[in-house]
Structures are given as structure tokens and as C-alpha cells.
Amino acid sequence: MNTSTRNLAKLKKAARIILVGPPGCGKGTQSGRLLDHFRLTPISSGDLLRENVRNRTPLGIQAETVMRSGGLVQDSLMVKLIVGELSKRGWVETRGNLTSGICLTGPLSVIGGPITPRASDSPTASFLLDGFPRTKNQAQSLDSEVAMNLVVNLDVPRDVILDRIANRLVHEPSGRIYNMTWNKPKNPGVDDVTGEPLTRRPDDSPETFSKRLKSYAEVTEPLLEHYDKAGVLWTVSGSTSDEITPQLDAEILKRFG
């Protein structure tokens, strides 16, 4: 039995996870490793949005109308997309079950206070949510529908992130990322798979990226405070992905194993 199988066998209840971290922190790497190590279903808000638009669902049509007018898709609509996907999988109790088919938005209230639809506690209902929420308001909208039970704050030193960015090269068509310090291409300047040239992203200059990190911190601090008050925030620190991964794996097994 391999390591992944042993880890899968140890999960005894549902893990509903969000990874939060600044650009360049290695969130994509950690997400991929979590999916390799645990039976977590990736739920991407961006993928759900594109799928619903492509399939011309009622929510997709609403979203497309907003996007074509140059607007941003409302938080409430994104929450509906996410909860709709979870409901379809049987991982969260639908509003219909609670309201006899009446469609509601926001927290459902009865005498005694609001009700949050119940999420399945089965380990097969474990998922990793990507792309949402990014702000405190979005988190509050999501909370009214499904309670996330682990929000991971990836704490990577600023100078480490800036060094990564300074040495980053990308293959734009595929999104493959290389680093001249620790993940060099086999042949200088070209993609390992296609042999096509690698480039630097225009916003990967230290000056531009420093502004992105500052903006991220301003937006994300209230989000982290929100989840800290909710008792589900956990911070993991490290300068490399290999330092962070074992800590993250251990925490998931501690909480859900």
C-alpha cells in the first residue's frame, strides 16, 4: 500500500479546505500535492463559472450577461454556483429540503436565529475550494451556505517570493512554470515538453510584484481575521514547498484522520 492510500484510509470525516496565500507563495504546488495525498475533490469557482456559461444553465446565462456588460459576477451568484455543485454531489443539504422548494438567498431564518444548510460529514465529501472566497464579504456569503472547516494561510517570507518571481519563466500556452534556481528547464530558455520558447510575465518585475503583494495583504487581512474568529484558520510557515507540505499533511491528518 502506498503513502497516498494510507493517508486516504485515515481520513474519517469531511475536510472542506481553502488555501490562502499571496501570489508566488506556491499555492498551486500545495494544491496539487494535497490532491495527490488525499481524496479531495477540486472545486474551482472559475471552472464552475465557465462550465455553467458554456452549458447555458440559468446561472450561467445570468453570469454571462453580467460579464458581457463589463461587470463583475456578484458574490451571491458565485456562491450559488458553488453550493449548486456541492448539492449536486450530495455534499450539502439543498435549500429545497429546508424550505419546501422555495428558492432563497442569504441565511435562512427561523425562530431562534439563522440556519446554515448542513454539509455532509462523510470523508467522501471532502473538497478543496479554489478561487473563492477572496474577500471577507465573499467569505460571509459562503458561510451562510456551507461551513468550511479548514482555511490554510500559506506564510512564505516576502523576500523568498520576490526571489522566486525574479527567477521565474513560463510557457504561456500550457502555463508550465520554471525557476532558474530550483526548477530549471532541461535546455535553457525552452519548454521541456514542446521546445517552445519560455518568457517572463510582464507583471513579474520586482516593482510590479511588490505592489501586488501589498494589495493582496490589504484585501486578505480582513479575510484571515474572519476565519480566525470562526476558529478554522491555521497558518503554516516555510520558505520552500517541501518545508510546507509535510506540515500541511500532518495537520489534515490531525484534524480529519
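Which residue in S9 does Val152 stand opposite? In this predicted model, the residue facing Val152 is Trp234, and that pair is a convenient way into the sheet described next.

## The parallel sheet

The sheet is an open one, built from 5 strands that follow the order S2-S5-S1-S6-S9 with parallel pairing. Strand S2 (41–44) and strand S9 (233–237) form the edges, each of them pairing on one side only. Averaged over the sheet and with direction ignored, neighbouring strands are turned by 25° against each other. Helix H2 (residues 27–37) packs on this sheet, where it touches S1, S2, S5 and strand S6 (150–155), and its direction makes about 155° with that of S1.

Two of the pairings can be followed in more detail. Strand S1 (residues 16–20) and strand S5 (residues 127–130) run parallel and are joined by 3 bridges, with Phe127 in S5 serving as the bridge partner of Arg16. S6 and S9, which also run parallel, are joined by 5 bridges, and the facing of Val152 and Trp234 belongs to this part of the sheet. In a regular strand, side chains alternate between the two faces of the sheet. In S9, Trp234 and Val236 make up a covered face, whereas Leu233, Thr235 and Ser237 make up an uncovered one.

## A buried aspartate in helix H10

Asp249 belongs to helix H10 (residues 241–256). The residue is buried and yet has no salt bridge, since the nearest side chain of opposite charge, that of Arg33, is 8.1 Å away, beyond the 4 Å that a salt bridge allows.

What, then, does the side chain of Asp249 meet in a polar contact? Its partner is the side chain of His37, and the contact that joins the two is 2.6 Å. When neighbours within four places in sequence are left aside, Asp249 is in contact with Leu34, His37 and Phe38, and His37 thus appears both in the contact list and in the polar contact.

## Salt bridges

Side chains of opposite charge can pair when their charged atoms come close. A search of the whole structure finds 10 salt bridges, and several of them are described here. Asp47 forms one with Arg50, with the closest N and O atoms 2.7 Å apart. These two residues are separated by about one helical turn, because they are 3 residues apart in helix H3 (residues 45–54). With a relative accessible area of 44%, Asp47 is partly exposed.

In helix H5 (residues 75–88), Lys88 and Glu85 are likewise 3 residues apart, about one turn of the helix, and their side chains meet in a salt bridge of 3.2 Å from N to O. The two ends of this pair fall into opposite classes: Lys88 is exposed, because its relative accessible area is 60%, whereas Glu85 is buried, because its relative accessible area is 10%. Arg212 forms a further salt bridge with Asp203, the closest N and O atoms lying 3.2 Å apart; Arg212 is partly exposed at 31% relative accessibility, and Asp203 is also partly exposed, with a relative accessible area of 29%. In addition, Arg56, Glu64 and Arg68 are linked in a network of salt bridges.

## Contacts between distant parts of the chain

Tyr216 has its place in helix H9 (residues 206–230), and it counts as partly exposed because its relative accessibility is 22%. Although Tyr216 and Pro22 are 194 residues apart in sequence, their C-alpha atoms are 6.4 Å apart in space. Residues up to four places away in sequence not being counted, Tyr216 touches Val20, Gly21, Pro22 and Pro23.

Arg134 lies in the loop between S5 and helix H7 (136–143). The side chain of Arg134 reaches the backbone oxygen of Gly131 at 3.3 Å, and, with neighbours within four places in sequence left aside, Arg134 is in contact with Val219 and Leu223. The C-alpha atoms of Arg134 and Leu224 are separated by 9.9 Å, while the two residues are 90 residues apart along the chain.

How values were computed. Residues numbered from 1 in each chain as written. Predicted model: local features only at pLDDT ≥ 70, side-chain atom pairs only at ≥ 80, totals over all residues. Heavy atoms only, no water. Helix = DSSP H or I, 4+ residues; strand = E, 2+ residues; numbered from the N terminus. Buried < 20%, exposed > 50% of the residue type's maximum accessible area, 1.4 Å probe, protein only. Lys, Arg positive; Asp, Glu negative; His and termini not counted. Polar contact = N/O pair within 3.5 Å; in protein donor to acceptor, adjacent residues only side chain to side chain. Contact = heavy atoms within 4.5 Å. Pairing = 2+ DSSP bridges. Axes fitted to C-alpha atoms, helices over the stretch in contact; angles between N-to-C directions.
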